[in-house]
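Reader: I'd like to walk through this structure with you. Could you show it to me before we start?

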Amino acid sequence: MIDLVIAAEKSKYSRNELIHYFLNQLVDTLYKTPFIRVGFIVYCKYAVPLIDLSTEYRNLGEIYAHIPVLRGVPEPAKAIYEAVEMLFDLEDQLTLKKKIVLIASFIKEPSISLEDALEYASMNDTRVLIIRAPQKKTHWILAEYEKAPEGVHLRKNNIPDIINELLK
Amino acid sequence: MLNIVYVIDTSLSMRRGVSDLVPTKLEAVKETLTIVTSKILSNNKKIKIGGVVFYGYAYPILPLTNDNVKIIKTLSRLRILGEGSAPGDGLIEAVKLMRRSSGEKKAIIITDGGFNKGIPLNIAALYAWNSRVIVDIVAISGRLKDVDHYYMDKTTRMCNGKKILVNKKSELIKALLELSSHLGNP
């Protein structure tokens, strides 16, 4: 079983409609893939768990659309910590792989170190795939992210590639 | 099995008394919860009780248990924790506390309002709803604002629960006994 937590930003800095579209495409594919449990977190200055890891995540896109745009500076590290906690709390003998998909704008520099959060996830045997979906050009970017081969910029035409990468 | 988590407001405003909820609202809540939890546990062994506190932040204070001694000890230690009121954070902590539990799940928020911090209650309610947690609210009247009612009503409607307004100790006992003994609205 792959345990996958999707952490999606919903702020005035992120491309929320594109993220919504991506989430719907992702859920359609995941539903055809056996042995996957999905959890869902939406974040901005705080991270809100919305669906705990389960095989019932069909309405994930609708939930994202339903949430209002959240205020404040996005703190992706909080979403990572929340996701790691969820993966840890609900881990069982069925868990084979743990993954987090972080969808972020990276427009504003957060106050909590994303680098430390990524390191924490790694220490918990959790792979993090970073997807950028900014409204405009990114002013701040994690130095490590530039080197990360897994980081991708979300566009409508590369969504199938991102999903394939995610399911590897 | 029925799991109940009490989400208790420990913000500064709970330091004041109102009506016969004295010497402070929090002390009256502690006294009432001690009576109510003892009563429901003596009537039904298939109940587990947990606790979360909130002010500007929120955290768990009691993991799910049916050990009444532990519950009473935890309640006796409750104190005013600080400024701000973040019931949404409290509700999320309550749902997390019940993450691995099977059976029916319920969170009962006890508050005097003034919500001004953290995750909006109606967004936290989405998580409770997705996790099939019924959410009831016991609201101590006196300083509740329209916006507090808006969030509380949205939350209880979404999560199949009830909002009960109280102003006296007898009403508080009645409300908590009623909500702790039954599941949500059909």
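Reader: Let's start with H4(B). Which of its residues are buried?

Author: This is a predicted model, so what follows is computed from its coordinates. In H4(B), the aliphatic names include Leu121(B), Ile123(B) and Leu126(B), and the alanines on the list include Ala124(B). The full buried set is Leu121(B), Ile123(B), Ala124(B), Ala125(B), Leu126(B), Tyr127(B), Ala128(B) and Asn130(B).

Reader: Is helix H4 of chain B enclosed or open, then, and how many of its residues are buried?

Author: Helix H4 of chain B covers residues 121–130, which makes ten residues. It is largely enclosed by the rest of the structure, because the buried ones come to eight of the ten.

Reader: What do the buried residues of H4(B) pack against?

Author: Both chains supply partners here. Chain B gives helix H3 (87–97), strand S4 (104–111), strand S5 (133–140) and helix H5 (146–158). From chain A come strand S3 (47–54) and helix H2 (60–66).

Reader: Which residue with a positive phi follows H4(B)?

Author: The phi in question is near 55°. The residue that has it, after H4(B), is Arg132(B).

Reader: Since chain A came up, which element gives the largest share of its side that touches chain B?

Author: Ten residues of chain A are in contact with eleven of chain B. Five residues of the chain A side come from one element, and that element is S3(A).

Reader: How do the residues on that side of chain A divide by type?

Author: None of them counts as polar, and two are charged. The nonpolar ones on the side of chain A that touches chain B number eight.

Reader: Which residues of chain B does Val48(A) contact?

Author: Leaving out neighbours within four places in sequence, Val48(A) has contacts in its own chain with Ile41(A), Val42(A) and Tyr43(A). Val48(A) is also one of the residues that touch the most other members of the largest nonpolar core, which has 109 residues. Across in chain B, its contacts are Ile92(B), Ile119(B), Ile123(B), Ala124(B) and Tyr127(B).

Reader: Now the sheet in chain B. What is its strand order, and which strands are at the edges?

Author: It's an open sheet of six strands with mixed pairing, in the order S3-S2-S1-S4-S5-S6. An edge strand pairs on one side only, and here the edges are strand S3 (58–65) and strand S6 (163–166) of chain B.

Reader: By how many degrees are neighbouring strands of this sheet turned against each other?

Author: The figure is an average, with direction ignored. For neighbouring strands of this sheet, the turn is 15°.

Reader: Which strands does helix H1 of chain B touch, and what angle does it make with S2(B)?

Author: Helix H1 spans residues 25–43 and packs on the sheet, touching S1, S2, S4 and S5 of chain B. Its direction and that of S2(B) make an angle of about 170°.

Reader: Do S1 and S2 of chain B pair in the parallel or antiparallel sense, and over how many bridges?

Author: Looking at partners, Ile4(B) bridges to Ile49(B) in S2(B), and Tyr6(B) stands opposite Gly51(B). Strand S1 (residues 2–9) and strand S2 (residues 47–54) of chain B run in the parallel sense, and the number of bridges is eight.

Reader: Which residues of S2(B) point each way, and are they buried or exposed?

Author: On one side sit Ile47(B), Ile49(B), Gly51(B) and Val53(B), and on the other Lys48(B), Gly50(B), Val52(B) and Phe54(B). Eight of the eight residues of S2(B) are buried, so the strand is largely enclosed by the rest of the structure. Both sets are therefore the one thing you asked about: buried.

Reader: And Asp89(B) in helix H3 of chain B: is that residue buried or exposed?

Author: The cut-off for burial is 20 or more other C-beta atoms within 10 Å. Asp89(B) has 25 within that distance, so Asp89(B) is buried.

Reader: What does Asp89(B) touch, and how far is its C-alpha from that of Ala58(B)?

Author: Not counting residues up to four places away, Asp89(B) touches Phe54(B), Tyr57(B), Ala58(B), Gly118(B) and Ile119(B). Asp89(B) and Ala58(B) are 31 residues apart in sequence, yet their C-alpha atoms are separated by 5.6 Å.

Methods:
Residues numbered from 1 in each chain as written. Chains lettered and ligands numbered in written order. Predicted model: local features only at pLDDT ≥ 70, side-chain atom pairs only at ≥ 80, totals over all residues. Buried ≥ 20, exposed ≤ 12 C-beta atoms within 10 Å, placed from the backbone. Helix = DSSP H or I, 4+ residues; strand = E, 2+ residues; numbered from the N terminus. Contact = placed C-beta atoms within 7 Å. Pairing = 2+ DSSP bridges. Axes fitted to C-alpha atoms, helices over the stretch in contact; angles between N-to-C directions. Nonpolar A, V, L, I, M, F, W, Y, C, P; charged D, E, K, R; others polar. Core = buried A, V, L, I, M, F, W, Y, C linked by C-beta atoms within 7 Å.
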